[in-house]
Amino acid sequence: MSCWDTVQAYAFRSLGYGEKLLPKTDFTICQQFTLIGSGLIWNVYFGLIALCTGFFLANALALAKASRNPWLRKPAEAFIFVFRGSPLFIQFFLAYQILILLPRAGINLFGLTIATSWLTKAWAGALIVLFLNTAAYSAEIFYGALRTIPKGDLEAADAYGMTGWKRFRRIEWPTMMRLGWPAYTNEAIFLFHATTLVFFSAFPAFQQRGDALYYANYFADKTFNPFVPYPIVAFYFILLTLVITGIMGLINARLNRHLPGNQRKRIRLRPQLVR
Amino acid sequence: MFLDCSAPKTLEGLAWASCYLTSGKHIDFYWAFVVVLALLACTAPMALMFGYGGATAARSHSLPVRMFGKCYIAMVRGIPDIIFFLFFVIALDQAIEWTKHQIVCPDWTEPVRQGLEFKVCPAAKVPQAGTAPVVHQIYGFGLAVVTFSIVFGAFVANVLYGAMNAVPRAQLETAEAYGMTHRQVHRRILVPQMWTYALPGLSNLWLILIKATPLLFLLGVRDIVYFARELGGSKTQAYEYPHPDWRLWYFLGLMAFYLLMTWGSEKVLRRLSARLSKGQATAAGEALRKAGAVA
Amino acid sequence: MKTKILASGAVLALMAGMASAQTVRLGTEGAYPPYNFINDAGEIVGFEVELGNELCKRAGLTCEWVQNDWDSIIPNLQSGNYDAIMAGMSITDEREEVIDFTQNYIPPASSSYVGLTADVDIKGGVVAAQTGTIQAGYVAESGATLLEFATPEETVAAVKSGEAVAVFADKDYLVPVVAESGGELVMLDADVQLGGGVGMGLRDSDDELRGKFDAAIKSMKCDGSLDALIARAEYFGPEAVVFGDAGKEGC
């Protein structure tokens, strides 16, 4: 089997297409690269969806935490503390344990049956955990940014007679984004790294469809040689990190497009918040 | 209070629970908390050391050293820590034995690598064959500490690198104007001042380090997650204390432990940050000065 | 020159000393009752521990037990962290390629399905198995949908929670689980023979050690003590498959 055949057979194996059985003997580097790359689709799926949806919740949470109303502030603070204060590994485990406690047949609500079984699948259950988790971390970043908005900006907004929603949309929110963006880039990187924990901690792999680490584990298990598959995953993740840094850098440039070129701060990668 | 735990299957209620919670395995579980704390205590200074080395290397004037420092920071940052933990410990163990092999047995003729097998001369085994199991455990713990330190050292290096660059340029130039050598500037001006800039990043790293400890079991250390799984899993009659699946409760316990650690650390770090800001040319330092002036 | 000779003499003496008091380290998982598990006192116990200690006695070796995660149990053997594996490891062709096995100390045993009812669909439904076991490989090929978990514990939990219709594992592991489930779980009448029995795994290059253990296992098969140990109630029980007369061939 040539390498191209292998790619055709296994490139989308993690989604259930192509060859049904995983290779069992005569493992080649090509197979390892293809299957681990195929698994990376899941990492990208989890990371991308959680990041995009978590962004909105994070904004809401940051505002709630900065609010003067204790009914908004206290729950937001508690949510952020619990998700930032405990290891993701344990969050995954607990989420899975709680999700399987839901009745299998579905919940009967006013005559409507709401199916619950899909929640225990990794694509939904793990995604929910990652969504909540990244929302908590990003909320803390945005909250920090919100508090460091220069006083002058707000005073200028007052002088123009801007209040309420308009002031928030035109002044506060864009500044918050600009200030928080470098740290948010880090959060994005570490969110993608954290997706490797999905199949590792609690969620079972279905029909041998898993993420990059799942296949690396498979090969390490079959070839008894950890020194090939894990470095391949590492290689893929370095690439992924470069891509994320690039995209976030472009957005950063757009956020700061009003500044003269020499004043735009390049994103300095500082691990502000990781899990 | 003395409990007779010799026949646990006849016990009930509180007596059963107290015997259960003091079984040998539970004592091991409680010790595992100490192991985790010990690991944190050993890793933090070591990671600081690695990080300091990495940051200094990344700012070096010599190109190869600078490249090395930057590569170290970028490499480790780009790779999820879990993947490092999965193969790095075995690699580190083999590297140590290989180095010792080169020194102790220069006349060894057999190849060290035979297929997948890794075989050094018996004198080069670390620890030596026949040493007590506790030595093996300490060695395993040591490997875990070094692995953790290398990974977190890269993060520390990143923070310190940023902090060194944040120290106002004018301060360094003033020092140079006073005729201080490069080394003196580094030691007397740069390093003492960088801490205040590094502290927010370092406090975050400390919290991250705490939250990375559930991965310790990957490094072959029997940590709290290992015991929570082991103890919580349902037990058949082959065990003295049969019970159904209780892992949920054990993991809730771990969650509480971690939340408590985070909460405590945040309090301590906030105080430390206030102390370090004293007399510094930063917004926080300015705020402290003003508060002091009012009082 | 003299000092050098002295030094190398010391090294030789050291090595000789080690050879005479050879400590063999045995690696096990400690999470697979009744083969090997950690009891409530925190000690490694089980069938393999008792057997291993007896084998070491017969072979004149001092042995100590090392606990290691299942996932990295073979790489750590090859890396020299212990000298032999006794962890309910079935003798398979795949493993035979990278390590050596002694003769089996448990005859080829059955693997079974366990489900909530006796009529579950094990050919088309979702079947749980432990990652990296021969059973997982078998389920993947059987046409059923494989659901993989890291520990045997979780595979059984998956059936109870309804995640999977059945679990596929060593029969010896499942029998006590079913017996104590209070009728919740049932054993399906669909046993499969997999692997060449359970043996002790050693490095390819350790032929001498393998010879010693092989001889010890054979001697236990010959005097019937191995069968007696397997059939002990606390391990596999009187109904377990034993070697019987087949084990006594060539004694």
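How much area does chain A expose, and what share of it do carbon and sulfur atoms supply? In this predicted model, the exposed area comes to about 12800 Å², and carbon and sulfur atoms supply 66% of that.

**View 1. The fold of chain A, end to end.** Here we follow chain A through its 10 helices and 3 strands. Starting at the N terminus, the order is α-α-α-α-β-β-α-α-α-α-β-α-α. So much for the order; on to the dimensions. The C-alpha trace of chain A spans about 75 × 60 × 30 Å along its principal axes.

**View 2. Inside chain A.** Of the 275 residues in chain A, 53% are buried. Now for the contacts within the chain. Taking those in chain A with a separation of 6 or more, 74% are between residues 24 or more positions apart.

**View 3. Charged side chains of chain A.** Chain A carries 27 positive side chains and 12 negative ones. Where do the centres of the two sets sit relative to each other? They lie 7 Å apart.

**View 4. Where chain A meets chain B.** On the chain A side, 43 residues are in contact with 38 residues of chain B. Between chain A and chain B, about 3800 Å² is buried, and carbon and sulfur atoms give 75% of that area. How many salt bridges are there between the two chains? The count between chain A and chain B is 0, so look for none in this close-up, given that a salt bridge needs a side-chain nitrogen of Lys or Arg within 4 Å of a carboxyl oxygen of Asp or Glu.

Methods. Residues are numbered from 1 along each chain as its sequence is written. Chains are lettered from A and ligands numbered from 1 in the order in which they are written. This is a predicted model: local features need pLDDT of at least 70, side-chain atom pairs count only at pLDDT 80 or more; totals for chains, interfaces and linings use all residues. Side-chain values use heavy atoms; hydrogens and water are left out. Helices (H or I, at least four residues) and strands (E, at least two) are DSSP runs, numbered from the N terminus. Buried means under 20% relative accessible area, exposed over 50%, partly exposed in between (1.4 Å probe, protein chains only). Contact means heavy atoms within 4.5 Å. Accessible areas come from the Shrake-Rupley method with a 1.4 Å probe; for residues, only the protein chains shown count as cover. Lys and Arg count as positive and Asp and Glu as negative; His and the chain ends are not counted. The place of a charge is taken as NZ of Lys, CZ of Arg, CG of Asp or CD of Glu. Buried area is the accessible area (1.4 Å probe) that two parts lose on being put together, summed over both.
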